[in-house]
Amino acid sequence: MSDYVIPSGWEAVIGLEIHAQLATRSKIFSGASTAFGAEPNAQACAVDLGLPGVLPVLNEGAVRMASLFGLAIDAEISRVSSFDRKNYFYPDLPKGYQTTQLARPIVVGGQVTITTGEGKQAREHTINVTRAHLEEDAGKSLHEDFHGMTGIDLNRAGTPLIEIVSEPDMRTPEQAVAYARKIHAIVQYLGICDGNMQEGSFRVDANVSVRPEGETAFGTRAEIKNVNSFRFLQRAIEFEIERQVDLLETGGEVVQCTRLYDPDRDETRLMRTKEDADDYRYFPCPDLLPVVLDEATIKSWRAQLPELPDAKAGRYQSEYGLSAYDAGVLTASRATAEYFEAVIARDGADPKLAANWVMGEVAALLNRLELEIGDCPVPADKLADLLERIGDGTLSNKLGREVFEALAEEGGSVDAIIEARGLKQISDTGAIEAMVDEVIAANPGQVEAYRGGKDKLFGFFVGQVMKAAKGKANPQAVNEVLKRRLDGD
Amino acid sequence: MSLTNDQLQAVAHLARIAVEPDWAEALRSDINGILEQADRLDDPRLNDLEPMAHPLDQVQRLRPDEVTETDDRETLMAAAPAQENGLFLVPKVIE
Amino acid sequence: MSTSDIPHRGGDAALINASIAELRAGLAAGEYTANDLSAAFAARIETIDPSLNSLVSRVEPVEPASETGRLAGIPYVHKDIFCAKGTRTTCGSRMLADWVAPYDSTVHERLTRSGAVLLGKANMDEFAMGSSNENSHFGAVANPWDTNAVPGGSSGGSAAAVAARLVPFATGTDTGGSIRQPAAFCGVTGIKPTYGRVSRYGMIAYASSFDQGGVIAKSAEDCATVLGEMAGFDERDSTSADREVPDYAATLNDSIAGLRVGIPRQWFSEALDPAVGDAVTAAIDELRAAGAETVEIDLPDADIALAAYYLLAPAEASSNLSRFDGVRFGYRCEDPKDLQDLYERSRSEGFGAEVKRRILVGTYALSAGYYDAFYRRAQKARRLVTDHFQRAFEQCDVIAGPVTPTPAFDRGAHSDDPAKMYLEDIFTIPVNLAGLPGMSVPAGFVAGRPVGLQLIGRHFDEARLLNVAHQYQQRVDWHTRMPSLGGDSSNH
């Protein structure tokens, strides 16, 4: 986490608008596929292209997924919601309007709890969600050069989105990132969004304003768009707070505007001011009728809700005795929790040991390779094998790390690696006794000094035995035998 | 309510329709003629009525989430005024 | 081949005036084949249409897709607002002058499945905006009864083609009167069903919450046959009604004795041409003679309805027509210098004056600061008008009155004053606001130009409208009258 501190005397007010693409098979208003990566316009059917005469029909999956989100954040699911048209011209908007929900969104209210800081600094905050509404995504403009023209690919046009609008409840970039991560986790737990920020499945816009500490009125805000990672979100908000505070401290004024975050330059850039904003001429879409949901439907959807991050974290603490922090880390993403649960699914698994490994070795490996846990080169069942061998004394933690590295680099089975590399820990008491006796025999001076009271020399004997065992002796057994031989005789 | 020339130009821009000066006056007077009729909506009987968006009291039907369309790009793009490599082409969009 | 080449009882006149049932009987009896029939009507189009301009495209007839369907072998034309795959579909606009639809409208699919044979696409006011068919990129259409008169609009080509007996029937659409008004002006029978009865999929949208497809034919009986094939639930149209389509033919011959016919007193005022009023009154007398009872009802606020419609429909249109931007299909201006120029010139050059006027009115009505005063208020007015109908139908089963205040006017008569032109729709628009079914039935002539009787029913009561119209047509012969046309040897 960043150690950014807001300029003294100032307070930031942050609200987020998050667009999450829903993981439906087909589009929100047509039967075209939503799969990513097809040939340009191969997944744009007559409806998506907005051909003359075509009409929209609403996808049940999109309604269900949006409702699941609402249920997950304890929001109200509108029994009657409806669609409006937002009119503006843009080449990637085929009909000249976006079908969205302005007046009656499907999800109203709701909240999520976020935690910032660690240990004693840990603080919980409740962030309120204003609304979440269904809408269609636009296509893409490709600016590579086509004889000085722009190419339009409408495959994405009509992909269902929910736009999740928060209250301006966040006061620091850290809180904003924690909130965005929590929403990201929730949509992935629900299986309603793949959460891929690079491909634009999960997009975050931030509304940022600043005000003198103690002031209750909001300052003028800027909307930051085009933030495609949590790190950039943090940086973009930090930059924007600094920009606004600088302006105000030097007698300037913040102008309401939309800004783009440029990760290469690490700055936000003016896109348009309020004055150039279009008049969207919203009105009820006459091609779609009110969406009415009955209690039974909503009840059946509620029954589909999986265990969500907060509940899971609570269970990890009570059931596995994990710390709040560890439980929070392990449940922060659905993929991490799934990995962890797969590891401890093994009979006799030690959840604390597993937690340490997932948060330690696994996280470090992924970090080094810049991979997501879903692509971890050491799959959960291999890690479970490995931890089993630590548990039964075959491997020490240190040897375990060596096996883990081998698994990551070459794959293969845990036992085969142990065998091939001769990494098996020596726990056989007879063999260890023999090695201890040799060391004692070879170092009479040190033995005398130790027995004369130089306790610190114990470590020397352990080192000598381990050296003789090429590091493979079970350290606990070495300690026991040494103690017996040195102290007992 | 009547439309000024500036308003007409602003509306024309929103609609992406050019209103040349030689048409503006006649058009403005036509539109104002239509808007004059709208004064009849200043009727107190309307105040408490529920706005009516649709003639029938029906609710939206939901389509099962199934892919029913296959790639028909060649047919669907046949009428494109300008295209290349399966993309519609427009004058450079500056972002 | 011309119609006279067909060996047929009664020759030409009998063939072109034959009902759909008679044509089906002729086909079944082997008196002629479907190909003979389509060739005969195609030949008639060839001879007659140059003086009318009722069609914008001819379509090479193909074998009927069904031999047993209720419309098997029956030739027809579509209003050029219905997409038919592989067929140019222009909507009367330069914007779509070269656009070949890559898919079928549901209406086209259904008519094809029923065996109907498409012979052409009918002229229309551009994007269905107009009451005279003078707003077509492809030129005005002449009224077959008097070539100086307009045929009405926006389905003017469809009405003129049926009136001139170029086809047994034509499709039409009605947003504010666009089937009923041209049917009245051309002396043919037209039905606009309840909103939601006929699928709008593939029917190019003007104002989505008003648009409704329907039929123009020579008689109520033929309308019943065709509507039965066109109507019905369509899962591709969210506003399509999921209810059974009754067998409209089955109730045509029901007696209308005891039927309560509501006469809206406000519609017989000074706005109505007295001669038209007389013809309509005579028609109502005929219903009474058939056993119906008449009851005076109130349908006030036609002026409010008109004002509401001319805000709501343009508002919806301004949004519906945004897709015509020169990017994916349709007209694109030459050498656009930038994106803004592409949009503005493609739309300004591609759309005609009336379309642009309505887009601008609609854009204004929806713009910030005016939405509540215009759009929302107009939606409330829509409720008011609908409530009036609801109360009226507590007292009657159908409503009967004029379709238009005057018979067909001369070409150019209203083209300088859109607000005046809009008054043509004063009796038809309230029906669209409420989404009710309405019909226009030929009811006589004023100075040689036809007059229509309008019948309005409760939601989904098309069967009753068709029944009343059919019973009326059993007693009169207005619908059998045919205009005399140059180049036509079969005049009465």
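**Exercise 1.** In this predicted model, determine how many bridges join strand β5 of chain A to β6(A), and which residue of β6(A) is the bridge partner of Asn87(A).

*Solution.*
Step 1. Strand β5 of chain A covers residues 84-87.
Step 2. Its link to β6(A) consists of 4 bridges, and the two strands run antiparallel.
Step 3. Asn87(A) has Tyr97(A) as its bridge partner in β6(A).

**Exercise 2.** Place β5 in its sheet in chain A, and state which strands form the edges.

*Solution.*
Step 1. The sheet is open and has 3 strands, ordered β6-β5-β17 in chain A, with antiparallel pairing.
Step 2. Pairing on one side only marks β6 (97-100) and β17 (283-284) of chain A as the edge strands.

**Exercise 3.** Identify the helix of chain C that lies across β5, β6 and β17 of chain A, and give its angle to β5(A).

*Solution.*
Step 1. The element is helix α9 of chain C, residues 302-320.
Step 2. Helix α9 of chain C runs at about 60 degrees to β5(A) while lying across β5, β6 and β17 of chain A.

**Exercise 4.** Is chain A compact or spread out when judged by the globule rule?

*Solution.*
Step 1. Chain A contains 15 helices and 18 strands.
Step 2. For 489 residues the globule rule gives 23 Å, whereas the radius of gyration of chain A is 29 Å.
Step 3. The value is well over the rule, so chain A is more spread out than a compact globule.
Step 4. The C-alpha trace of chain A spans about 95 × 55 × 55 Å along its principal axes.
Step 5. With buried meaning under 20% relative accessible area, 52% of the 489 residues in chain A are buried.

Definitions and conventions:
Residues are numbered from 1 along each chain as its sequence is written. Chains are lettered from A and ligands numbered from 1 in the order in which they are written. This is a predicted model: local features need pLDDT of at least 70, side-chain atom pairs count only at pLDDT 80 or more; totals for chains, interfaces and linings use all residues. Side-chain values use heavy atoms; hydrogens and water are left out. Two strands pair if DSSP finds at least two bridges between them. Contact means heavy atoms within 4.5 Å. Axes are lines fitted to C-alpha atoms, for helices over the stretch in contact, and angles run from 0 to 180 degrees between N-to-C directions. The radius of gyration is taken over C-alpha atoms; the globule rule is 2.2 Å times the number of residues to the power 0.38. Buried means under 20% relative accessible area, exposed over 50%, partly exposed in between (1.4 Å probe, protein chains only).
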